[in-house]
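Trainee: Could we go through this model together? I would like to see how each label is justified.
Mentor: Happily; let us put each value beside its cut-off.

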Amino acid sequence: MPTILFITSTQAVGYSPAKGGRVTVLQADAAGDIGLSIEALLAAMPGRQKQVYVLTTEVWSQAVTVESRSLRRIDKSQVPQMLAYEAETYSGIPASSARTAIQLLETGPLETTYWVSQIDSVRFAQAADAVAFNGGKLLGVLHPAGLHEPITTGKGDWTRLEQWDDASVVVSRQGRSKSERRFLSEIEQAIDTPAAARDYLNRLDIPTGAFVELLHQSAKPASREAYGAEGEVSHAVDLADEHDLRTFLSAWSRALRSPKTLPVVVPVRTGASPQTKRTLALAAVAAVLVGIVAHHRLTAAYHASRAKALESQITELQGPIDAFAAQQKQLGELGNEVTQAQEQLAVLQTRMLRYQGQLGIHRARMAALLRTLGDSRPRDLMLSGVQSDDGELRVVGRSVRPEAIIEFATTIAKQLEPLNLSVRVPRREALLVTADGGPYEFEYIIRDGA
Amino acid sequence: MAGKKTQSSSMLITLGGPAVLLCLYAVNVRMNPSDAAKQVARLEGQLQTVKAAEVPFAQSLQVTEQLRLKREELEDAKFKLDELRRQASAMMRGGVDGMEELDLGKEVNRVLTVAGLRLVDDHPVTSGSDSNRMLKTLTDATKQLGQTLTEQMSKEADNTPIELPPDLPRDVNPLEWMAAQRELRTGRFDGPQTRSSQLRLVGDYRSMVAGLEAVVDACPGVVVTSVAFEKPTVRTRGSLPLIWNIEYQMRPIPKSLASDIEMTDVVQQPQRPKPNSSENASADRQTDAQADTYMVAKPIVRGAD
């Protein structure tokens, strides 16, 4: 919230809403230098005041009435200049050196009345410089008259009579209408009591409402409160009293939150010269180019470092993953090798067992063959010889009974089968010596392989 | 108000150019990102992928443990395979030299003579005629074992370096040992070189049965391949003598296996020496080799009546 500086010919008051409504009161500069008063005041106030409104009686503020038809001939932007010329006679400030702010009060078919505030541009500059010197910004300068809200109460109809050294204003609000301001000609007799104020307003046929405020710039009111018969209350605001002063400035602080209905003289922003514009444009282009180059470089550097960091991070994370994959691959390869080795082992074992088994069989089988032949031979069968012939054994003999030949062959075939020997009977011949044809001569072929 | 507007518009015009320039640059940066920006975007995507593929520590530990177990399993299998190959190689190589042939012949003659047979003639058989005798199944088994051994050894010979065992005895020449290993690995295994001999004997049937059974027991390197007998044309008194004609084959028997083949009939897998027992490794290997046993399908030979 902006700081309010209230400066009259006698006192300079600072009000800081941000500091809890702290009020700083100083004597105004004796020489009437508004700049010095502001500097002294801002120096005395705590902290730096960033945004400042100056309420000062240095501003000439009055109602100016002009012909409505003359307003229709000119552009709206020229109205302040026109009113400055109109007010020049009353304010004594040359229009060429005046800073003027206007606010429409009432308009009619014939006449239009504006609330005009003027201040000499030198004084305005002094105020602006003083504020800027203290590190702040001057938001505007205006006259402390015409506050459009009650100072001490906020409800119901009200009327306030303000008596400033250079202006007398009646501000009132009836019902739900907007506040009205009436600038009065000089009051002949000073009104110093609330009751007198109500009487005065009644004499002027101004509706007062239930509540009347009296504000006098320099005179101390004779009484603070007055009560009428029908609940009417009149109150005098004493600007010499700190409480009333704080209340007054607090009301202004609230009002200046939206200063559109007030004639505030604001600093003029002077347009830049073409040269300045060119310089500014070039500077902006240069700044943009420098910014682009810097952005390009910084981005490139950032991307490079980011890429490097990402690569290292990826490498760091990829290491265990690769190792894991390699382990799994190695596991699979080892599994294959184990399977292969076990298969080779099984095959070799089988071959070895077969070889050793065959070796054992071959070592023993001739002895076993002879024993089998000898042990299994029937009594009526005789072996006459065994011949070895081209990979086979030829057993020759004779038998009384022909069936004994086959029985013997069957018996030894069973017994020789584990020895990988097979028995065949290729020849059985009756010799026809006896009546039944016997004896019988036979021949067995015993071969390798069951 | 109009002044303010004019001022604002002039400022807009003044700053419009740089603003447009700035906008164009921003659009260009947005629409055409640099290679570095693209790389960063690509790497960020890659990082997300890598993070998603991150392997939990427990899983990694589990795989490491599986690897260790699998390596042990492989070493164990290879050790058993090496042992078996070594033994098979010993059986599939070598030959009977002249001295051994003489010794074996003497032993066979002695055993048969003790059994009651009388030696009439003894002469070696020309080599290469074994195929005519009853050795087909043994020859097939020998061929299969030799072929298997040759294939397995040849596959590994090229890729597997020969390493000296840490417990190689000091009296063994490392170069000779390695040469022997190389020969064992890369050579062919066609079976042992055998020698055959023919005997002509006179004796009765029972003596021959006893004699052959005694040969089986006493001479592990001897395989009787053929037996024939005939009756003599001239009758003699007493028991009937028969004229026997037998052939036998002399096979080299590895010294470490000779006693085992004869006596045992159960296969025992070789036990891999424990790593901690390095002190007795050499001694253990020798005893292991002696303890290695093989199945020998030795038929039951019934006793004589």
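**Helices, sheet and confidence**

Mentor: In this predicted model, Glu107(B), Val108(B), Val111(B) and Leu112(B) of α4(B) meet Gly211(B), Ala214(B), Val215(B) and Ala218(B) of α7(B). Those contact residues divide into six nonpolar, one polar and one charged.

Trainee: What makes Gly211(B) count as polar in that division?

Mentor: The classification places Gly among the polar residues.

Trainee: And why is α4(B) called oblique to α7(B)?

Mentor: Helix α4 (residues 98-114) of chain B and helix α7 (residues 205-218) of chain B pack at about 140°, their axes 8 Å apart. Roughly antiparallel needs an angle over 145 degrees, and roughly perpendicular covers 65 to 115. The angle fits neither class, so α4(B) is oblique to α7(B). The crossing of the two is right-handed.

Trainee: Why are α7(A) and α2(B) called roughly parallel?

Mentor: Their packing angle is about 25°, with the axes 9 Å apart. The cut-off for roughly parallel is under 35 degrees, and therefore α7(A) and α2(B) earn that label. Their crossing is left-handed. Residues in the contact include Ala304(A), Leu310(A) and Ile314(A) of α7(A), and Val40(B), Leu43(B) and Leu47(B) of α2(B). The contact divides into 13 nonpolar, five polar and four charged residues.

Trainee: How do you know that β15(A) pairs with β3(B)?

Mentor: Pairing requires at least two bridges, and two bridges join strand β15 (residues 381-389) of chain A to β3(B). The two strands run antiparallel, and Val386(A) stands opposite Phe229(B) in β3(B).

Trainee: What order do the eight strands take in the open sheet?

Mentor: The order is β17(A)-β18(A)-β16(A)-β15(A)-β3(B)-β4(B)-β2(B)-β1(B), with antiparallel pairing.

Trainee: What makes β17(A) and β1(B) edge strands?

Mentor: Each of them pairs on one side only. From one strand to the next, the twist averages 25°. β1(B) and strand β2 (residues 195-203) of chain B pair over seven bridges in the antiparallel sense, and Asp121(B) stands opposite Arg200(B) in β2(B).

Trainee: Which strands does α7(B) touch when it packs on the sheet?

Mentor: α7(B) touches β2, β3 and β4 (242-250) of chain B, and its direction makes about 175° with that of β3(B). Angles over 145 degrees count as roughly antiparallel, so an angle of about 175° falls in that class.

Trainee: How many residues of chain B are in contact with chain A?

Mentor: 78 residues of chain B are in contact with 74 residues of chain A. Of the side of chain B that touches chain A, α3(B) gives the largest share, 16 residues. That side divides into 44 nonpolar, 18 polar and 16 charged residues.

Trainee: Where in chain B is confidence lowest, and where is it highest?

Mentor: The lowest mean, 36, is in helix α9 (residues 281-291) of chain B, and the highest, 93, is in α7(B). Over residues 258-271 of chain B the pLDDT is below 50, and over residues 273-305 of chain B the pLDDT stays under 50. Where pLDDT is low, the predicted coordinates should not be read in detail. Chain B averages 76, with 72% of the residues scoring at least 70. The model scores ipTM 0.70 and pTM 0.53.

Technical notes: Residues numbered from 1 in each chain as written. Chains lettered and ligands numbered in written order. Predicted model: local features only at pLDDT ≥ 70, side-chain atom pairs only at ≥ 80, totals over all residues. Axes fitted to C-alpha atoms, helices over the stretch in contact; angles between N-to-C directions. Helix = DSSP H or I, 4+ residues; strand = E, 2+ residues; numbered from the N terminus. Left-handed = near helix turned anticlockwise from the far one by under 90°. Contact = placed C-beta atoms within 7 Å. pLDDT = per-residue confidence, 0-100.
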